[in-house]
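Q: Hey, can you walk me through this protein? I'm new to reading structures, so plain words please.

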Amino acid sequence: MKLLACAAALLFATSAAVAASGVERLYILDCGINQGKDQSRWSPGVNEGKPIEFSDNCYLIKHAKGLLLWDTGIPDAVAALPDGVSAANGSIVLRRTKTLAAQLTEIGVKPDDIRYVAISHTHGDHVGNVGLFPWATILIQAAEYDWAMAQPSKPAFAATQKFDKLTGDRDVFGDGSVTILSTPGHTPGHQSLLVHLPKTGAIVLSGDAVHFRDNWDNRRVPSMNTDRDQTLASMQRIATVLTEQKAQLWINHDKAQSSQLRYAPAHYE
Ligand SMILES: [Zn+2]
């Protein structure tokens, strides 16, 4: 009898911990492919002239208080172009096989259902579909917004979108389950996302704080980054978070890692 009561108490404690997390699911969405002509653009002095292919993911987080989309990928219109589009003065070709809109439909989500669109940064392969969510609140660092809006080609935000301009970290739902981490350096207001999933555990979605595993292991800074010292400090910050939270690092553009993960309609809990 005593043992049974003990087991029941344990079960209750476990389900309470799960409920407290608030996050119910995380979907990985295929948001395109980036083909780089020369890897050394991202790893100065290493693998010069060698092509590299990147995955480009978006992530949808279902929380009890609403849906949050992390990054919006390459524009859906690119899916209709068999040769993709050329970017960064011809050094990268961007392609898509499936649209973000079609993948959301497949999992029963309408763009207007999404409460928050949080963007790691404003490069075109991350904000390509930001205008698809006219009623969402955009979570962006104020430094990133100011920088992006001063560029010749600005992100295609929708006129009706509300902006929550951050100046550092943000506990999005107030329960510690989804936290935006300020990780500048790749761009002036780059940010990453720490997610606590009830079964999978903690994950850091690193945006472009790092582009692939070898650069992470060797702390390499791509030539296009706006601030080298900030980039290195942000990588160190992420490493500390990984240790403290016993978290996995999911590197958006790391094709080898992405190929091991489950894409929508599958999901993580
Ligand atoms: Zn970028």
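Q: What joins β11 to β12?
A: A hairpin does, and it takes 3 residues to get from β11 to β12. Keep in mind that we're looking at a predicted model.

Q: Okay, and do β11 and β12 run parallel or antiparallel?
A: Antiparallel, with 5 bridges joining them. Strand β11 covers residues 191-197. One of the bridge pairs is L197 with G201, where G201 is the β12 residue.

Q: What actually holds strands together like that, in general?
A: Strands of a sheet pair through backbone hydrogen bonds, and the pairing can be parallel or antiparallel.

Q: Which strand does β12 pair with in parallel?
A: That's β13, residues 248-250, and 3 bridges link it to β12. For instance, I203 has Q248 in β13 as its bridge partner. Also, L205 is partnered with W250 of β13.

Q: So what's the order of strands in the whole sheet?
A: The order is β9-β10-β11-β12-β13, which makes an open sheet of 5 strands with mixed pairing. β9 (170-171) and β13 are the edge strands: each has a single partner strand, so one side of each has no neighbour in the sheet.

Q: How many residues of β12 are buried?
A: 4 of its 5 residues are, so β12 is mostly covered, given that buried means under 20% relative accessible area.

Q: Switching topic: which residues coordinate the zinc ion?
A: Four of them: H121 through NE2, H123 through ND1, H186 through NE2 and D208 through OD. The distances are 2.2 to 2.3 Å.

Q: Where do those donors sit relative to each other along the chain?
A: They follow the spacing H-x1-H-x62-H-x21-D. H121 is in the loop between β6 (114-118) and α3 (124-127), while D208 is in the loop between β12 (201-205) and α5 (213-218), so this pair ties together parts that are 87 residues apart in sequence.

Q: Why is the arrangement around the zinc ion irregular?
A: Because the angles between the 4 donor atoms run from 87 to 176 degrees. Four donors count as tetrahedral only if all angles lie between 85 and 135 degrees.

Q: And H121, is that buried or exposed?
A: H121 is buried, because its relative accessibility is 0%. D208 is buried too, with a relative accessible area of 3%.

Q: What about T231, where is that one?
A: T231 is in helix α6, which covers residues 228-245. T231 counts as buried because its relative accessibility is 3%.

Q: What does T231 touch?
A: Leaving aside neighbours within four places in sequence, T231 contacts P184, G185, H186, A209, V221 and N225. You've met H186 already: H186 is one of the residues coordinating the zinc ion.

Q: Let's zoom out. How many helices and strands does the protein chain have?
A: There are 7 helices and 13 strands.

Q: What's the radius of gyration of the protein chain?
A: It's 19 Å, and a compact globule with 269 residues would have one near 18 Å, so the two agree. Along its principal axes, the C-alpha trace spans about 70 × 40 × 35 Å.

Q: What share of the residues is buried?
A: Buried residues make up 49% of the 269 in the protein chain. As for the accessible surface, the protein chain has about 12200 Å², and 57% of that belongs to carbon and sulfur atoms.

Note on methods: Residues numbered from 1 in each chain as written. Predicted model: local features only at pLDDT ≥ 70, side-chain atom pairs only at ≥ 80, totals over all residues. Heavy atoms only, no water. Donors = N, O, S within 2.8 Å, 3.2 Å for Na, K, Ca; no water. Tetrahedral: all angles 85-135°; square planar, octahedral: opposite > 155°, others 65-115°. Helix = DSSP H or I, 4+ residues; strand = E, 2+ residues; numbered from the N terminus. Buried < 20%, exposed > 50% of the residue type's maximum accessible area, 1.4 Å probe, protein only. Pairing = 2+ DSSP bridges. Rg over C-alpha atoms; globule rule 2.2 N^0.38 Å. Areas by Shrake-Rupley, 256 points an atom, 1.4 Å probe, with all protein chains shown as cover. Contact = heavy atoms within 4.5 Å.
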